[in-house]
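Reader: I would like to take a close look at one part of this model. Please keep the explanation plain and define the terms as they come up.

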Amino acid sequence: MNNQSGIAIIGCGYWGINYVRVFNELSQTQVVAACDQNPERLQEVGRRFPGVALTTDVAEVLSRDDIDAVVVATPATTHYEVAHACLTAGKHVLVEKPITIKAANAKDLVNLAEAKGLTLMVGHVFLYNAGVRKVKDCLNQDEGTRVYYLYSRRTNLGPIRHDVNALWDLAPHDVSIFNYLLDSTPSWVSAIGSKVLRNHREDVGFISLGYQDSVVGHIHVSWADPNKVREVVVVSNDMRIVFDDVKNIEQVRIFEKGIASEEIEAPSYGEFRFRIHDGDIISPRIEASEPLKSQCLHFIECFTQNKHPLTDGQSGLEVVQVMEAIDRSLAQNGAPVQVR
Ligand SMILES: NC(=O)c1ccc[n+]([C@@H]2O[C@H](COP(=O)([O-])OP(=O)(O)OC[C@H]3O[C@@H](n4cnc5c(N)ncnc54)[C@H](O)[C@@H]3O)[C@@H](O)[C@H]2O)c1
């Protein structure tokens, strides 16, 4: 008897074809169909993965009974329409980031999945990255650890999108990482951007985010920067943690150094002194694993065992709410705006 779950991938471009590869390698799943509007992309899938049914028609995929779950890896502006059709047809859905480009649409998908008892998961792949998980472990290890601020840089030359700006393309990764590390969502954001390539969309963005307890985050994104950087830095009272996704070794480094203030005892109430903490520099061992594969395994676990995804539709919606606030701030030249 075949116990494999049937999977379809809709959108087999640069990123989507990776899903075909990963689900094809997993014993729990069989990639039944691949769908793309572009026949050349289908040819590529057919060449690499013979046996997968190829179609340009989403409806054809959704009418098949042997497909349990669908991955939506089309451009961001199409996510809502395609994911909505998949859920309506009774399929579990793993949709790429950002879940939608409107919070109201994301909410709609969350409600639809819930009403139909289907799994809706978002491809916030960094939350399945062993390096990011290690950073979270470090922050959770000691109750005395207090995060002061975090910042990230996500720069490269391209790829340039034609449907969303660089902020919508790249910053959802960082917002999802910050929300995960802080177990929280920001209450305000401030963002500026620039259309340096003179196209219609911002190619560069600088975003500040205000979290609870005065924790601030900062994100710099650019697809017009010749230096490829994928870095997240967290500074706390007792350490500085660097996650560098471009590095093959020492992806996470922990500098056990920090500064904290403590109140000077009577009679000098209200005065503080600063205590510097100094320690080792550690590169913890990180299990070698492909984040996309871990994400796909989690998706399978969720829809086959009715478990709740780490990157559920609600967390995807929260990222989109931040992105919408970023748009509002951009329109006001960086004025701080409330997220909700
Ligand atoms: N998690 C990550 O690290 C990561 C990395 C890259 C891209 N992405 C996300 O993946 C998605 C796709 O990005 P990409 O780089 O592969 O883009 P892409 O342009 O290379 O591929 C998109 C594909 O979707 C097809 N398509 C468009 N509309 C369709 C429709 N209605 N039905 C069927 N096919 C359709 C296009 O023909 C194209 O082949 C985006 O949402 C992007 O944000 C995520």
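How many bridges join S1 to strand S2, and do the two run parallel or antiparallel?

Author: Six bridges join S1 to S2 (residues 29-35), and the two strands run parallel. The model is predicted, so local features need pLDDT of at least 70 and side-chain atom pairs count only at pLDDT 80 or more, while totals for chains, interfaces and linings use all residues. Residues are numbered from 1 along each chain as its sequence is written. Strands (E, at least two residues) and helices (H or I, at least four) are DSSP runs, numbered from the N terminus, and two strands pair if DSSP finds at least two bridges between them.

S1 covers residues 5-10. Within its pairing with S2, Ile-9 stands opposite Ala-34. To get from S1 to S2, the chain passes through helix H1 (residues 16-25), and this β-α-β crossover is right-handed (with the strands pointing away from the viewer, the path from the first strand over the helix to the second runs clockwise).

S1 also pairs with S4, again in the parallel sense, over four bridges. S4 spans residues 69-72, and here Ile-9 stands opposite Val-71. Ile-9 therefore has a partner in S2, namely Ala-34, and another in S4, namely Val-71. Five of the six residues of S1 are buried (20 or more other C-beta atoms, placed from the backbone, within 10 Å of the residue's own), so S1 is largely enclosed by the rest of the structure.

Helix H4 is part of those surroundings, as the buried residues of H4 pack against S1. H4 runs over residues 79-88, and its buried residues are His-79, Tyr-80, Val-82, Ala-83, Cys-86 and Leu-87. They also pack (contact means C-beta atoms within 7 Å) against other elements. Among these are S4, strand S5 (92-96) and strand S6 (120-123), together with helices H3 (58-62) and H5 (103-116). After H4 comes Gly-90, whose phi is positive, near 85°.

For the wider setting, an automatic or database assignment gives domain 1 (5-124) and domain 2 (127-291 + 321-338). Their centres, taken over C-alpha atoms, are separated by 30 Å. Eight residues from domain 1 and nine residues from domain 2 make the contact.

For contrast, some strands elsewhere pair in the antiparallel sense. S8 (residues 188-194) and S9 (residues 204-210) do so over seven bridges, with Ser-194 opposite Val-204. S8 also pairs in the antiparallel sense with S17 (residues 337-338), over two bridges, and there Trp-188 stands opposite Gln-338.

Note on methods. Buried ≥ 20, exposed ≤ 12 C-beta atoms within 10 Å, placed from the backbone. Contact = placed C-beta atoms within 7 Å.
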